[in-house]
Amino acid sequence: MSTQFPAGPLLSKIQAPADLRKLPANQLPAVCEELRQYIIDHVSVNGGHFGASLGVTELTVALHYVFNTPYDQLVWDVGHQAYGHKILTGRQGVFHTNRLLGGISGFPKRSESEYDAFGVGHSSTSISAALGMAVASRYKKEFDRQHIAVIGDGSMTAGMAFEAMNHAGDIPNNMIIILNDNCMAIDPNVGALKEYLTDITTSHTYNKVKDDVWNLLGKMSRFGKSAQEIVSKIENGLKATLLKQSNLFESFNLRYFGPIDGHDVEYLATVLRDLKDIPGPKILHCVTTKGKGYSLAEKDQTLWHAPGKFDKLTGEIEKKTYDNPQAPKYQEVFGHTLLELAEQNPKIMGITPAMPSGSSLNIMMAAMPDRAFDVGIAEQHAVTFSAGLATQGLTVFCNIYSSFMQRGYDQVVHDVCLQKLPVIFCLDRAGLAGADGPTHHGNLDIAMMRCVPNMIVAAPRNEQELRNIMYTASLDKFKERGEAISIRYPRGQGVMPAWRTNFEEIEIGTGIELNRGKDVAILSLGHIGNEAIKAVELLASQGIDAALYDMRFAKPLDEKLLHEIFRKFNTILTVEDASIVGGFGSAIAEFMVDHQYQANMIRLGIPDHIVEHGEQSELYALCGIDSNGIAQKIADQLGAKVHVKASKALTE
């Protein structure tokens, strides 16, 4: 159950941005404080993303105060920071359902509100989307319509953002890019762009002269267009001279303004009004602090990106306590295992695109900074960078969230597999990712990867299997295959408290029998096999004797084992935490057809429609791939007069 808190006296009267615009500008700071407190109250007890929305509170209020949303179109990049936006745009009364099953999404979503101009969740899309909107408006002769893209400096590191800016400066459009510069994405930002922005924000000489130019620019309407052109030339010259380099954004033909204080809401509103009157594409550089207004979040911005539930007064983050030892998260097993392997093998390198803490590559980065790299939000680069390392005989572990792997797919095909390079892709958050919802569900990787030549597709059932397949892929003999490997594992906990097992080599493309039975064969792939184990127990209690096989690989398949299974069983069920279309079950069906077997075959997996957000256990139940769903499907298929108890997640 979620908890709802009352809003402050000003915020409670704002059910749409039109209500906000009725207030005098001197009341905006009070609105910001009430909005910030409303976010703190709800996230502290209900969970969710935290620091990002606090950091853009003033910017959010100023944008909706100045622009005529939703006619003026506001696009948030990624969307972690859009809680304030949601609260101000008619969702205050349902904000307590954020990220819960059946509640509002944790990200902007077009089907949820007309104020959500573009659905987001992955980074660096805002400029491209807003540019498309701006060009469409110009084509429709809606010349008064504004288009605003709010993008963080972390998201700006992706190539897509630069591609969009390059295009924006080359065609007529009415777009404002708001660069929300806080030196943070989830982890601290890396790369030359961060250093460049730091130079801009810390150049005292430039900022002093820039303020004088800005004041003059604010008066330009009194002097006409010629004065505007003069100011533009003076300002551009000052930027290049005082910063001792050309301005990156001006080189894209984008008018650059700033940097300005992103927490001065009244000044922000004034500046945004001025920018509305300046034609053409432009960029406003706002300096903000992630977690602003909550001191602990300001000090440790990575921890407070999405801390879970916490005591807002003490800052103590809620942690469950257990009487017995608990299994670790899969990402932690990956991180510690990679370091353990790297200590034994000097050829091992680790790569991640901006998710060192989320993937636990930060463990190796701390111990071996010269062998583990955060390349920024740049999945395409991460894959090809890994390929380059692999050409030199290094053993490369490229760790990417499954849903983000989609962004580097061409590089997997063209730069890795076509060249037979043995890159090891470790795909975290595979399957149903939970409360982050459809933008983060990793349900496509099996279907994507198994159709690529020179690609092995593996999915460990538990921590021991993960360690063993990582070990196997790290061996020099693996390189002789001339194949890459995709190793997928889910978000959250494993099943083995005593997970530090000895390494054992696994024969590629082999499955194992977990339970011998005679009535039906269950073929599982990956962590979902633990639900299948429980399903076998449920069926046994109803008198159904089910065999269970952990296939371990979707490609290559264990054909020897499959021949045995199809010769023995008339009813075969496959289960996977991945897309039912083109996935593991499809591979088994193809084997059945290719070898002319006939069987009653059932495929369970993530259905061919968008699965919304909710807890993993709830989503497993909705997709029918939890233990109860598996057992019920088999009982129905066999015509058994039994009934498996409905899943708890569906009856609460």
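Mentor: Before we start, a residue counts as buried when its relative accessible area is under 20%. Keep in mind that this is a predicted model.

Trainee: Thanks! Is Val78 buried or exposed?

Mentor: Val78 sits in the loop between strand E1 (73-76) and H5. Its relative accessible area is 12%. The cut-off is under 20%, so Val78 is buried.

Trainee: And what is phi of Val78 near?

Mentor: Most residues other than glycine have a negative phi. Val78 is a residue other than glycine with a positive value. Its phi is near 65 degrees.

Trainee: Is Gln596 buried or exposed?

Mentor: Look in the loop between helix H24 (584-594) and strand E17 (600-606), where Gln596 lies. Gln596 has a positive phi, near 55 degrees. With exposed meaning over 50%, a relative accessibility of 72% makes Gln596 exposed.

Trainee: Good, now helices. How are H2 and H5 placed, roughly parallel or roughly perpendicular?

Mentor: The axes of helix H2 (residues 28-46) and helix H5 (residues 83-91) come within 10 Å and cross at roughly 110 degrees. Angles of 65 to 115 degrees are the range to compare with. That makes the two helices roughly perpendicular.

Trainee: How many nonpolar residues are in the contact of H2 with H5?

Mentor: From H2 come Leu35, Tyr38, Ile39 and Val43, and they meet Tyr83, Gly84, Ile87 and Leu88 of H5. By class, this contact of H2 with H5 holds no charged residues and one polar residue. The nonpolar residues number seven.

Trainee: Over what arc do the buried residues of H11 spread?

Mentor: Helix H11 (residues 265-276) has 12 residues and reaches 16 Å from its first C-alpha to its last, close to the 16 Å expected. Its buried residues are Val265, Leu268, Ala269, Val271, Leu272 and Leu275. They lie on the same side of H11, because around the axis they cover an arc of only 165 degrees.

Trainee: What about H18: which strands are included in what covers its buried residues?

Mentor: In helix H18 (residues 409-417), the buried residues are Gln411, Val412, Asp415, Val416 and Cys417. Their arc around the axis is only 155 degrees, so they are on the same side of H18. The cover includes helix H16 (379-391), helix H17 (402-405) and helix H19 (445-450), and also strands E9 (424-428), E10 (455-458) and E11 (484-488).

Trainee: How many residues of H4 are buried?

Mentor: Helix H4 (residues 57-66) is mostly covered. Its buried residues include Thr57, Glu58, His64 and Tyr65. The count is 10 of its 10 residues.

Trainee: How far apart in space are Pro328 and Gly492?

Mentor: Pro328 lies in the loop between helix H12 (295-299) and helix H13 (330-344), and is buried at a relative accessible area of 11%. Beyond its neighbours within four places in sequence, Pro328 is in contact with residues including Glu463, Gly492 and Trp499. Pro328 and Gly492 are 164 residues apart in sequence, yet C-alpha to C-alpha they are 8.1 Å apart.

Trainee: Last one: is the peptide bond from Gly258 to Pro259 cis or trans?

Mentor: Most peptide bonds are trans. Pro259 has its place in strand E4 (residues 255-261). Omega for the bond from Gly258 to Pro259 is near 0 degrees, so by the assignment it is cis.

Definitions and conventions. Residues are numbered from 1 along each chain as its sequence is written. This is a predicted model: local features need pLDDT of at least 70, side-chain atom pairs count only at pLDDT 80 or more; totals for chains, interfaces and linings use all residues. Side-chain values use heavy atoms; hydrogens and water are left out. Axes are lines fitted to C-alpha atoms, for helices over the stretch in contact, and angles run from 0 to 180 degrees between N-to-C directions. Helices (H or I, at least four residues) and strands (E, at least two) are DSSP runs, numbered from the N terminus. Angles under 35 degrees count as roughly parallel, over 145 as roughly antiparallel, 65 to 115 as roughly perpendicular and the rest as oblique. Contact means heavy atoms within 4.5 Å. Ala, Val, Leu, Ile, Met, Phe, Trp, Tyr, Cys and Pro count as nonpolar, Asp, Glu, Lys and Arg as charged, and the others, Gly among them, as polar. The expected span of a helix is 1.5 Å times one less than its number of residues. Buried means under 20% relative accessible area, exposed over 50%, partly exposed in between (1.4 Å probe, protein chains only). The arc is that of the directions from the helix axis to the C-beta atoms.
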